[in-house]
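Trainee: I am new to this structure and would love a close look at a single part. Could you pick one strand and walk me through its surroundings?

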Amino acid sequence: MIMSMYKTIFVTNRHLTDHFLEQFQKVIESGVSAVILREKDLTEQEYKALARDAIKICGAKGVPLYLHTYTEAAKELDCKRIHLPLSRFLQMDESEKNAFREIGVSIHSVEEAIKAEQAGASYVTAGHIFPTDCKKGLEPRGLAFLADVCRSVTIPVYAIGGITKENAASCISAGAAGICLMSSLMKAEKPECIF
């Protein structure tokens, strides 16, 4: 298996570090394939201010950046990549979708994955696959779920939730095009890209 053909997507959570932009820069330099700026608790104005910094840092290294949820902010900042919850994506009309080059969608079932693909999603993130502090007390969906999702759509599927160096290869074996990492990259003194 040639690992370099698989992607490591960095999903942000600024609450996991005291120095967000400094850590963000370190993670970008670790060789991640792309970034989802997922700071859902910010207002749109606050998010836009943070997104400006992220766009500069990612642009300098040529790392694709996907803004999250705030489609208007993305359009104002001329960011052509967005990641959305399925419900938000399904509300978009074609002209709104056409403002973006790529649209990723978070899904939690095979049915949702199929809906996302039919509605024109570029890729989906499927999870959570393994136990994770981000979803404390919620049963992980597991590798069988991931394999079912991968078989049900033709667009790339990225595994999310509790992914580590030890279990990342099992996600690829289940059919994933790559993985999403949050805590391990946000908390690491020397962030390491898995793929």
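Mentor: Happily; here is a walk around strand S1 and its partners.
Keep in mind that this is a predicted model. Let us begin with the setting. Eight strands form a closed barrel in the order S1-S2-S3-S4-S5-S6-S7-S8, and their pairing is parallel. From one strand to the next, the twist averages 25°. In general, strands of a sheet pair through backbone hydrogen bonds, either parallel or antiparallel.

Now to S1 itself, which spans residues 7-11. This strand is mostly covered, with four of its five residues buried. On one side, S1 pairs with strand S8 (residues 178-181) in the parallel sense, over four bridges. Here Phe10 stands opposite Leu181 of S8. S1 also pairs with S2, again in the parallel sense, over three bridges. In that pairing, Val11 stands opposite Ile36 of S2.

Next comes the helix that goes with these two strands. Helix H1, residues 20-29, lies across S1 and across S2 (34-37), and runs at about 155° to S2. Taken together, S1, H1 and S2 make a β-α-β unit that is right-handed.

For one more pairing in the barrel, move along to strand S3 (residues 65-68), which runs parallel to strand S4 (residues 81-85) and is joined to it by two bridges. Leu67 has Ile82 in S4 as its bridge partner.

So much for the tour; to find your way back, look for S1 with its two parallel partners, S8 and S2.

How values were computed. Residues are numbered from 1 along each chain as its sequence is written. This is a predicted model: local features need pLDDT of at least 70, side-chain atom pairs count only at pLDDT 80 or more; totals for chains, interfaces and linings use all residues. Side-chain values use heavy atoms; hydrogens and water are left out. Two strands pair if DSSP finds at least two bridges between them. Axes are lines fitted to C-alpha atoms, for helices over the stretch in contact, and angles run from 0 to 180 degrees between N-to-C directions. Contact means heavy atoms within 4.5 Å. Buried means under 20% relative accessible area, exposed over 50%, partly exposed in between (1.4 Å probe, protein chains only). A crossover is right-handed if, with the strands pointing away from the viewer, the path from the first strand over the helix to the second runs clockwise.
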